[in-house]
Amino acid sequence: MVSRLFFFFLSVGLFAQDLPVSESNAFIYNSFNYGKDFFNAVNPITMDADGSVWCQPYMGEILKINNADASVAADLNGRNYGTLEKVLCLNDCEYYCTSQCILVVRDKKIVRQINVASLKEITAQFVLVQDKIYFVKVNAIKGRALELLCFDGTTVDIVRRFPAETLSVFQYTHNGKHYLFENQITQSTSYAFENNMFRLAKKYFFHHEILRVIDFKDLDNFTFIDFQNKAFTLKKGAIKIEHPDIPFLIVSDTIASKVSGNQKYIYNFISDQFVPVANSGAGDTFFSKLYSDQSNSYYCGTNTNFLRLFPHIKKYPRLFYNGNSNSVFTLQQDSKGQIWAGSYQAALSIITNENKVVQVKDNRTRFLNGGTTYKDKMLLLGESNGGLILYDNPTKHRIIADSVSGYFTYISKDKKLYLGTSMKGIWHTDVSSLDSGKKINWHKINEKQGLDLENILTISEDRFGNLWYGSGRGIGVYDIQSRRCRTWKTDTDKKAFAGTRAILLDSYNTLWIGARNGELLFYNGKNATDYAMKNFISIKHPLFENGKAITFIHQWDDYLILGASDKILLFNLKQWHKNKTVSVRYLNPMEINLSSDTEQNTILTDIRDESIWFSSSDMLYQWDIKKWLALPQFKVIPTILVDKKNSETAFSSNTNIDFKPTENSFDIRISYQTMDNMPRFISGALAVKDETAQFESPGLKTKFQFRNLSPGDYVFYIRVCQQDGSFSVFEYPIKIHGFFWQQWWFWALISLIPICFMLFYFQKRSEIEKQKKKLSQLNLASLSNQFRPHFMLNALNSIGSQMGDKPHAEKVISRLGESINILYSFTQKNDFAHPFENEWKLVENIIEIQRLLFIPELEVVVKGLSIIPENTKIPVGLLQIPVENALLHGLRNKTDGYSKLAIRFEETPTHYLVSITDNGVGREKAAKINNFRKHGNGLQTVYEMIAIINRIQKDAIHFEISDREQAKGTVVKISMLKLVDYGKIRL
């Protein structure tokens with residue numbers, strides 16, 4: 001059988017490699033990613049209850065590794081306290097147990113040192129039992145056990161002194177019970193710890209020292225490792241099984257390791273045998289090892305690198321030429337389960353079911369992205385003249401499309417094979433034509449059908465059977481019924497999203513699109529021809545905001561697996577289709593540790609075990625997704641460490657943080673701890689309070705610097721992408737106080753000086769104005785009081801001089817009485833203004849009295865009387881006095897012709913206008929005839945009243961009297977501001 005296999009591989013031109021096919025994915029802790037040097041960290045590794053890890057590079061500082069950083073766990077001040085054996089926590093302190101002493105540490109400071117060994121002695125096997133630390137003292141030269149000691153946090157007591165024939169002892173704890181195994185030359189004895197003391201449990205009569213106990217069931221049934229690193233299994237108290245198949249075995253706790261060539265292996269004891277569970281080519285011998293079941297990872301200390309291995313993710317570093325796995329552009333699995341990997345380096349390798357890598361010899365084809373499996377055949381794409389290559393087996397192939405190169409192949413539900421080409425076109429044929437061995441008859445979808453995209457990188461179909469295609473410049477759809485294309489291009493359609501490399505129809509019949517800018521979208525068309533940009537709906541989640549292309553989409557069970565350039569994401573389809581909940585998980589950046597971007601459309605589900613295969617630009621990976629999904633999840637609740645003047649203070653979310661004016665420059669470090677001890681994708685942003693935070697795309701940055709911030713209220717936001725697929729936002733309020741001269745109250749106080757001065761100034765000015773106004777109002781009242789008898793005195797004088805021979809005395813008295821009644825009523829109100837209706841009644845009465853007594857031929861013309869509303873308040877006598885003057889001084893002294901008085905009312909948008917015109921003798925002649933002052937007492941009163949009103953209300957009334965230019969007589973023009981309510985100007 002072996003010879004036939006050899007002949008087969010020789011005949012088909014394949015060669016196999018000697019080195020291991022795969023390695024466990026490894027993360028290397030170093031100064032670049034964790035800020036510390038971990039070189040030669042071979043001392044034992046200890047895990048804290050919170051998942052963090054202690055380690056000590058040889059003779060160096062004791063370091064503690066947390067989720068996102070590493071720090072000095074204890075300040076040793078450069079002194080050598082011996083080799084760190086273990087770290088235990090007791091009484092709120094950390095106890096650093098070394099080969100020479102126990103250091104009690106609180107807040108990274110050594111508060112006490114307990115020396116427990118001399119220079120010729122060493123201590124080891126530190127175990128915490130019932131709040132006491134038990135450990136063994138050993139002769140450093142002979143290696144013999146001397147004493148079992150106990151430290152209760154205060155004193156060190158001797159529990160047991162071992163006799164001279166005792167070679168070694170081993171402490172072991174199982175299910176809460178503690179045992180001590182004592183090895184002598186001819187026998188080994190076990191002791192059980194009960195009631196604070198060790199009691200004899202069982203004697204074993206064999207010549208093997210029990211160095212480590214593993215796979216413990218009870219004192220009669222367990223496996224142990226001796227000092228020669230050989231494994232033995234006891235069955236019913238006697239050695240029944242030996243395990244000679246593990247040479248060079250180094251065991252710590254239950255983990256074994258060996259070196260083979262450049263590979264280091266880790267073994268676990270499973271089902272009575274050692275099974276390899278992890279391996280790596282990094283570092284050298286795994287001297288110290290620690291397993292984390294929370295993350296399924298192994299911490300490994302070597303003379304060079306400090307590693308963390310993740311066995312559920314394998315990488316295949318030597319696919320091509322026994323030296324690299326670069327440019328895996330096509331990744332397929334044949335019907336037999338073998339993995340085909342084609343490289344752009346002109347190389348093709350196959351990973352067989354026996355987990356061997358064989359590379360096809362004399363291959364000159366540069367493989368491009370794409371390809372598919374059909375029955376037992378393989379379709380791969382070659383560059384340029386390579387075209388579409390149909391492989392019947394690794395050595396038999398033919399080119400079935402040699403005039404075109406392409407990037408994607410797709411077999412539709414109706415059994416058509418589609419080829420996305422590098423031109424503006426998609427070729428297609430019935431997939432059954434691949435069985436005939438004849439030349440393929442290709443049909444083409446191109447510019448004639450409206451396909452306006454070059455380099456078709458991905459093809460899928462929607463639930464209606466329409467064909468969707470995409471490139472880096474856009475996306476389009478081919479309508480199967482109309483045989484026409486509709487294209488959205490990024491350079492011509494401003495509403496179009498970035499181009500795409502990956503499109504997929506999920507098992508729920510939803511079409512998904514991975515955009516070049518990192519967005520994940522789905523198409524929400526309601527029918528077969530519902531084509532519109534609005535139907536491309538974007539999924540909102542921070543992990544889709546990184547601006548980096550989604551290079552592949554693949555459905556596994558109820559998840560979409562997305563290659564997001566520097567991330568591997570899992571979108572939960574079940575949750576989304578059930579209630580539109582967006583859940584996006586991710587492979588942790590530590591466990592995947594990508595060194596290059598994910599490749600385009602290189603992913604598959606293994607038909608053998610449902611693991612996931614995918615590639616980056618320089619590596620091929622196999623991911624045990626079932627194991628990964630079964631790991632526990634931990635929610636991150638971060639705190640921030642604020643560094644003010646080289647002193648860090650921790651703050652939890654929603655805790656107010658105050659800074660002095662001199663502390664407006666500070667550093668913030670995000671800290672969080674979970675049992676898996678791995679970083680998270682997070683974002684931090686500082687924003688002014690009540691303003692929206694502007695987050696960067698999720699990353700691993702945990703340190704932020706802020707300089708010379710202005711005083712005010714801020715909020716530091718942390719957005720965490722959680723393991724369960726959700727994201728959380730935490731807020732940390734920050735207040736930066738200003739100097740006293742930056743405070744509002746300081747400037748308010750300073751402002752009070754000019755404000756007080758101005759207030760004082762305006763108050764004084766106001767008082768003066770009030771006094772002036774009061775004086776004006778008193779003058780106005782005086783003038784008003786003067787006017788009240790004025791009319792009656794003039795009327796009575798006229799009656800007294802003329803009453804004897806006038807027949808109209810009764811009418812005159814009636815008019816006079818009406819006017820007196822108006823004036824009496826006006827007097828009772830103690831006012832200077834009354835309704836226009838009353839003022840006009842006074843005018844009518846004076847006109848009628850003068851007509852009856854002195855000017856029977858008087859002609860009176862009134863126009864526009866209705867313009868001024870009757871209830872409009874106007875100053876008393878404003879019209880009556882000038883009318884009376886026109887009658888008494890102008891018209892009564894007239895000796896020739898008729899007498900005429902014209903009163904005209906007009907208005908503008910802002911003013912009432914009144915003109916009073918007479919054809920009397922004029923002002924100059926009237927003054928000479930009657931020996932009056934130029935304007936008479938009544939008119940002078942009007943002038944003074946108007947002046948006072950205009951001081952109270954600027955430009956309220958304008959009063960002008962003049963002689964007529966061509967004819968005899970006078971003209972009085974009055975202008976009153978409409979907006980002034982004269983009734984509100986109080987006396």
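This passage reports ring contacts, charged pairs, surface features and backbone geometry in a predicted model.

Aromatic contacts come first. The count comes to 55 aromatic pairs. One of these joins Y134 and F193. Their ring centres lie 5.3 Å apart and their planes meet at 70 degrees, so the pair is edge-to-face; the cut-off for that class is over 60 degrees. Y134 belongs to strand β12 (residues 132–139) and F193 to strand β17 (residues 188–194), so the contact ties together parts that are 59 residues apart in sequence. Y134 is buried, at 3% relative accessible area. F193 is also buried, with a relative accessibility of 11%. Ring pairs also build a cluster. Its members are F170, Y172, Y179, F181, Y204, F206, F216, F222, F224 and F232.

Two rings carry a charge over the face. The charged end of R366 sits over the ring of Y344, at 4.9 Å from the ring centre. K580 lies over the face of W576, and here the distance to the ring centre is 4.5 Å.

Salt bridges were then searched across the whole structure, and 33 were found. Side chains of opposite charge can pair when their charged atoms come close. D392 and K377 form one such bridge, with the closest N and O atoms 2.8 Å apart. This pair links distant parts of the chain: D392 is in strand β36 (residues 387–393) and K377 in strand β35 (residues 377–382), 15 residues apart. D392 is partly exposed, at 27% relative accessibility. K377 is buried, at 15%.

D566 forms a salt bridge with K567, and the closest N and O atoms are 3.3 Å apart. D566 is partly exposed, with a relative accessible area of 30%. K567 has a relative accessible area of 4%, so it counts as buried. In the bridge between D606 and R608, the closest N and O atoms are 2.7 Å apart. Here the acid is the buried partner: D606 has 1% relative accessibility. R608 is partly exposed, at 39%. Salt bridges also form a network, which links E121, K137, E147 and R161.

Two helices show features of burial and surface. Helix α9 (residues 880–891) has 12 residues. From its first C-alpha to its last, α9 reaches 15 Å, close to the 16 Å expected at 1.5 Å a residue. The helix is mostly covered, with 12 of its 12 residues buried. Charged and polar residues are among them, including Q880, E884, N885 and H889. Nonpolar residues such as I881, V883, L887, L888 and L891 are buried too.

A nonpolar patch lies on the surface. L749, L752, I755 and L759 form the patch, and together they have about 370 Å² of accessible area. L749 lies in helix α6 (residues 744–802). An α-helix has 3.6 residues a turn, so residues three or four places apart point the same way.

Backbone geometry stands out at two loop residues. D131 has a positive phi of about 60 degrees although it is not a glycine. D131 is placed in the loop between β11 (121–129) and β12. At 54% relative accessibility, D131 counts as exposed. K236, likewise not a glycine, has a positive phi of about 55 degrees. The loop that holds K236 runs between β21 (231–235) and β22 (238–243). K236 is exposed, with a relative accessible area of 76%.

How values were computed:
Residues are numbered from 1 along each chain as its sequence is written. This is a predicted model: local features need pLDDT of at least 70, side-chain atom pairs count only at pLDDT 80 or more; totals for chains, interfaces and linings use all residues. Side-chain values use heavy atoms; hydrogens and water are left out. Rings of Phe, Tyr and Trp (its six-membered ring) pair if their centres lie within 6.5 Å; planes under 30 degrees apart count as stacked, over 60 as edge-to-face and the rest as tilted. Helices (H or I, at least four residues) and strands (E, at least two) are DSSP runs, numbered from the N terminus. Buried means under 20% relative accessible area, exposed over 50%, partly exposed in between (1.4 Å probe, protein chains only). A charge sits over a ring if NZ of Lys or CZ of Arg is within 6 Å of the ring centre and within 35 degrees of the ring normal. Patches are made of residues with over 30% relative accessible area and no salt bridge: like charges are joined within 9 Å, nonpolar side chains (Val, Leu, Ile, Met, Phe, Trp, Tyr) within 5 Å. Accessible areas come from the Shrake-Rupley method with a 1.4 Å probe; for residues, only the protein chains shown count as cover. A salt bridge is a side-chain nitrogen of Lys or Arg within 4 Å of a carboxyl oxygen of Asp or Glu. The expected span of a helix is 1.5 Å times one less than its number of residues.
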